[in-house]
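Biologist: Could you take me on a close look at the part of this structure around the ligand? I am new to this, so please go step by step.

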Amino acid sequence: MGDRRGPGADENPHPVTRRLVLASQSPARLALLRGAGFAPDVIVSGVDESGMTGTPAEICLELARRKCRAVVSSLTANGDVDVDPPVVIGCDSVLELDGVAYGKPKDAADAITRWQLMAGRTGILQTGHCVVDLATGRESSAVAATAVRFGTPSEEEVAAYVATGEPLVVAGAFTIDGRGSLFIDGIDGDHSNVIGLSLPLFRRLLARLDVSAVDLWR
Ligand SMILES: Nc1nc2c(ncn2[C@H]2C[C@H](O)[C@@H](COP(=O)(O)OP(=O)(O)OP(=O)(O)O)O2)c(=O)[nH]1
């Protein structure tokens, strides 16, 4: 009789053949990757995100590339890639409303103003992704877009939400998987992309580099 353990069996049928590096401080991105079976090392890029110009999609893609490339450069500089060259992924998320890219709110007042703008409307959560395979030096990148339909929280609800501090540390001043989920009526597109990293796009970007995502599973 074969192994009767179903999904989630604790033995990985794909022994890790490649190291993965997440070029992001985002706990949400780390949780997404871990939940999908990966165990990335985290190296924060420290890239300055201010002063960007272009469309929201252009901005988040360029920032994702800068973050990924900064970590690639640091890994290469310290010779940390010769023996076990990793795959590196960098991301950047912005909320697009009326053609404007909104990142994290400046402060509580800005978060409240954002919700006055967003309530009852649909925005586009754009996340830029950049993947580099240090075994070949090849890079692939793209943007994933998910439409987000915002609910209509009352002034009191917005004030209570902002007071929790959650909207101050996330792009678009909302989460879909935290307290902000009360105020998200629905999405059209990839859920993981809203949180900060599109897992299906990650798989496709790896495939463009002839890397199978399952070879990165732990
Ligand atoms: N848990 C959660 N986090 C979200 C959601 N939407 C956006 N975020 C977070 C993910 C990222 O940490 C942050 C987006 O900001 P950035 O793309 O600039 O990344 P961050 O500055 O956090 O880190 P990084 O620049 O990549 O080192 O907002 C959501 O729906 N749920």
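Modeller: Here is a walk around the ligand, followed by a few residues beyond its direct contacts. Please keep in mind that this is a predicted model.

Let's start with the place itself. The ligand sits in the largest pocket. Three elements each give two or more residues to the shell around the ligand: helix α1 (27-35), strand β3 (87-97) and helix α5 (191-195). Of the elements, β3 gives the most to this shell, with three residues.

Now for the residues themselves. In total, 19 residues surround the ligand, and the closest are S24, Q25, R29, K104 and D177. What kinds of residues make up the shell around the ligand? The shell divides into eight nonpolar, five polar and six charged residues.

Next, we can zoom in on single atoms. Two of the closest residues, Q25 and K104, are good places to look. Q25 has a polar side-chain atom 2.7 Å from an oxygen atom of the ligand. For K104, a polar side-chain atom lies 2.6 Å from an oxygen atom of the ligand. A171 takes part through its backbone: one of its backbone N or O atoms is 3.1 Å from a ligand oxygen atom. How much of the ligand does the protein bury? Taken alone, the ligand exposes 610 Å², and the protein buries 92% of that.

Let's now return to strand β3, where we find D92. Is D92 buried or exposed? D92 counts as buried because its relative accessibility is 3%, and the cut-off for buried is under 20%. The side chain of D92 also has a partner: a polar contact of 2.8 Å joins it to the side chain of K67.

If you follow the chain on from β3, you reach the loop between β3 and β4 (100-102), and D98 is found there. With a relative accessibility of 54%, D98 counts as exposed, since exposed means over 50%. The backbone of D98 is worth a look too: its phi is near 55 degrees, a positive value in a residue other than glycine.

Another aspartate, D210, makes a nice companion to that one. D210 lies in the segment after α6 (199-208). Its phi is positive as well, about 60 degrees, although D210 is not a glycine. D210 is exposed, because its relative accessible area is 65%.

Key: Residues are numbered from 1 along each chain as its sequence is written. This is a predicted model: local features need pLDDT of at least 70, side-chain atom pairs count only at pLDDT 80 or more; totals for chains, interfaces and linings use all residues. Side-chain values use heavy atoms; hydrogens and water are left out. A residue is near a molecule or strand if one of its heavy atoms lies within 4 Å of it. A polar contact is a pair of N or O atoms within 3.5 Å; within protein, one must be able to donate a hydrogen and the other to accept it, and residues adjacent in sequence count only if both atoms are side-chain atoms. Accessible areas come from the Shrake-Rupley method with a 1.4 Å probe; for residues, only the protein chains shown count as cover. On a 1 Å grid over the protein atoms alone, a cavity is a set of points where a 1.4 Å probe fits but cannot get out, and a pocket is an open set with protein on both sides within 12 Å along at least five of seven lines; lining residues have an atom within 4 Å of a point. A molecule sits in a cavity or pocket if more than half of its atoms lie within 2 Å of its grid points. Helices (H or I, at least four residues) and strands (E, at least two) are DSSP runs, numbered from the N terminus. Ala, Val, Leu, Ile, Met, Phe, Trp, Tyr, Cys and Pro count as nonpolar, Asp, Glu, Lys and Arg as charged, and the others, Gly among them, as polar. Buried means under 20% relative accessible area, exposed over 50%, partly exposed in between (1.4 Å probe, protein chains only).
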